[in-house]
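Biologist: Hi! Could you walk me through this one while I have it open?
Modeller: Happy to, let's put it on screen.

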Amino acid sequence: MTAIRDIAVAGAGPTGLAVALMLARQGRRVVVFERFDTAQPVGAGFMLQPTGLAVLDALGLTPAIQGLGQPIDHIFGRAAPSGRVVLDVRYSDLKRPRQALGVHRSAIFHVLHQACLEAGVQFELAREATAASLGRLSFADGSTSPAFDLVVDATGARSPIAAVLAQAQGSARRDLAYGALWTTTPWPVDPHFDERALQQVYRGAAKMVGVLPVGVRPGSPDRLATFFWSLKAQDHDVWVRQGLEAWKAEVRALWPETAALLETIGHTDDLVLARYGHHTLARPVADRLAVVGDAAHSTSPQLGQGVNMGLLDAHALCWALQTHADLDTALSAYAQDRRWHLRLYQALSLGFTPFYQADGRLLPWIRDHVLGKAARLPFAPRLLAATVSGLLLDPRRTGCAKSLRPA
Ligand SMILES: Cc1cc2nc3c(=O)[nH]c(=O)nc-3n(C[C@H](O)[C@H](O)[C@H](O)COP(=O)(O)OP(=O)(O)OC[C@H]3O[C@@H](n4cnc5c(N)ncnc54)[C@H](O)[C@@H]3O)c2cc1C
């Protein structure tokens, strides 16, 4: 019997489910507390990068998720109206090429949730955690959990538990002006859309539209796309009042080939506004508490790393708990292990996002005329591919995550 035996995980998103699964497979008793009354995925599709896939490899879940997802070979961005290619990142340029995978959230949820049930993880639903103290969770209904050896906070970017830690550490979440409208649509039949690419079209940095193939939902043969439109959160009301047809005309003017796809969107409510924020906990651990995933660090999804970072956190935490019998030593090892990779990617996300989502003309001009040319330098394709793959300071080669090292 292990010393750190009973673990509470708050939040059944991809990070919480991955932590719960790994800890249950280590022979610990794991209870997941989720605020929803049915365990379910939230949001649209995303890209699993080679880093996130390495964690799923270690869990033996890659074949299951590949069966539902869509392999992605490259990320392709054009400026409108010129049509100039300003972003062309190919996963084949990696030193050891590995495709990314476009997946619908329900696919990763299904695969991780099933594996958790098989591993004996218990779920308590409709349990909205409000605080964690000395191994106990407090809930919105005023109740408190029994004491656990460890609480893992995986409640996402608006975690009330991490907010207390952030305040104590003197850091705060910063809301970003731009967010995006997201929806899931049928995969467009139009041959213009490359089924192996994330495609984006930009006008300056104030307008951006994107289409990502995300494979299928579990149990359905219908192929899907995630569609997104950049929007300032403060402009959402104006956008709703403006009406769907005026907006569709604007999108069609930017990217005419989206016309058929836009026909599948029938109401403004079909598009969900995601508000972006940026925060990084200086130290994602406290007494009998570990914070993982978006609860510990969230940012704009422009670099597409969030889920992958959460999976890496899960792996690092569980590896540290397996390696160190003493809880405080294990928590310090987890925090140390993820420190530099996380800081680098948080900084890159914060630095790159304004080139794609901002007012003004200077940054998009630099993106199109300077960065676009720099991307053609001999070393650049591999560097760009490594950057979007999450492989700078390769987390598969350092610290506890050495076990993820590719063959
Ligand atoms: C529009 C958009 C596009 C994105 N695209 C990408 C992409 O392409 N690639 C990528 O890697 N990442 C992407 N991300 C980021 C990614 O979605 C997040 O990084 C990821 O979902 C974080 O996972 P998580 O499990 O840490 O948190 P979440 O996914 O937020 O899950 C948190 C879970 O906790 C539950 N919960 C919340 N509060 C409580 C509470 N108080 N008590 C109990 N339960 C609670 C929630 O219901 C949820 O189940 C995108 C994000 C957005 C918003």
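Biologist: Is H4 enclosed by the rest of the structure or not, and why?
Modeller: H4 is largely enclosed by the rest of the structure, because 10 of its 14 residues are buried. A residue counts as buried if 20 or more other C-beta atoms, placed from the backbone, lie within 10 Å of its own. Helices (H or I, at least four residues) and strands (E, at least two) are DSSP runs, numbered from the N terminus. This is a predicted model, in which local features need pLDDT of at least 70 and side-chain atom pairs count only at pLDDT 80 or more, while totals for chains, interfaces and linings use all residues. Residues are numbered from 1 along each chain as its sequence is written.

Biologist: Which residues of H4 are buried?
Modeller: Among them are Arg 105, Ile 108, Phe 109, Leu 112 and Cys 116.

Biologist: And what do the buried residues of H4 pack against?
Modeller: They pack against helices H1 (14-25) and H3 (62-66), plus strands E7 (100-103) and E15 (207-215). Contact here puts two C-beta atoms, placed from the backbone, within 7 Å.

Biologist: What comes just after H4?
Modeller: Gly 120, which takes a positive phi of about 90 degrees.

Biologist: Switching to the ligand: which residues come nearest?
Modeller: Gly 11, Gly 13, Gly 156, Gly 293 and Gly 306, out of 33 residues around the ligand. A residue is near if its C-beta atom, placed from the backbone, lies within 6 Å of the molecule. H1, strand E3 (46-48), strand E13 (178-186) and helix H9 (306-323) each give two or more residues to that shell. H9 gives the most, with 4 residues.

Biologist: How do the shell residues divide by type?
Modeller: Into 16 nonpolar, 13 polar and 4 charged. Ala, Val, Leu, Ile, Met, Phe, Trp, Tyr, Cys and Pro count as nonpolar, Asp, Glu, Lys and Arg as charged, and the others, Gly among them, as polar.

Biologist: Now the sheet. In what order do the strands run?
Modeller: The open sheet has 7 strands in the order E6-E5-E14-E15-E16-E13-E17, with mixed pairing. E6 and strand E17 (272-274) are the edge strands, each pairing on one side only. Strands pair if DSSP finds at least two bridges between them.

Biologist: How does E5 pair with E6, parallel or antiparallel?
Modeller: Antiparallel: 5 bridges join E5 (residues 74-79) to E6 (residues 85-90). Gly 77 stands opposite Leu 87 in E6, and Phe 76 has Asp 88 as its bridge partner there. In their hairpin, with 5 residues between the strands, Gly 83 takes a positive phi near 80 degrees.

Biologist: And E5 with E14?
Modeller: Those two pair in the parallel sense over 6 bridges, with Ala 197 in E14 as the bridge partner of His 74.

Notes
Buried ≥ 20, exposed ≤ 12 C-beta atoms within 10 Å, placed from the backbone.
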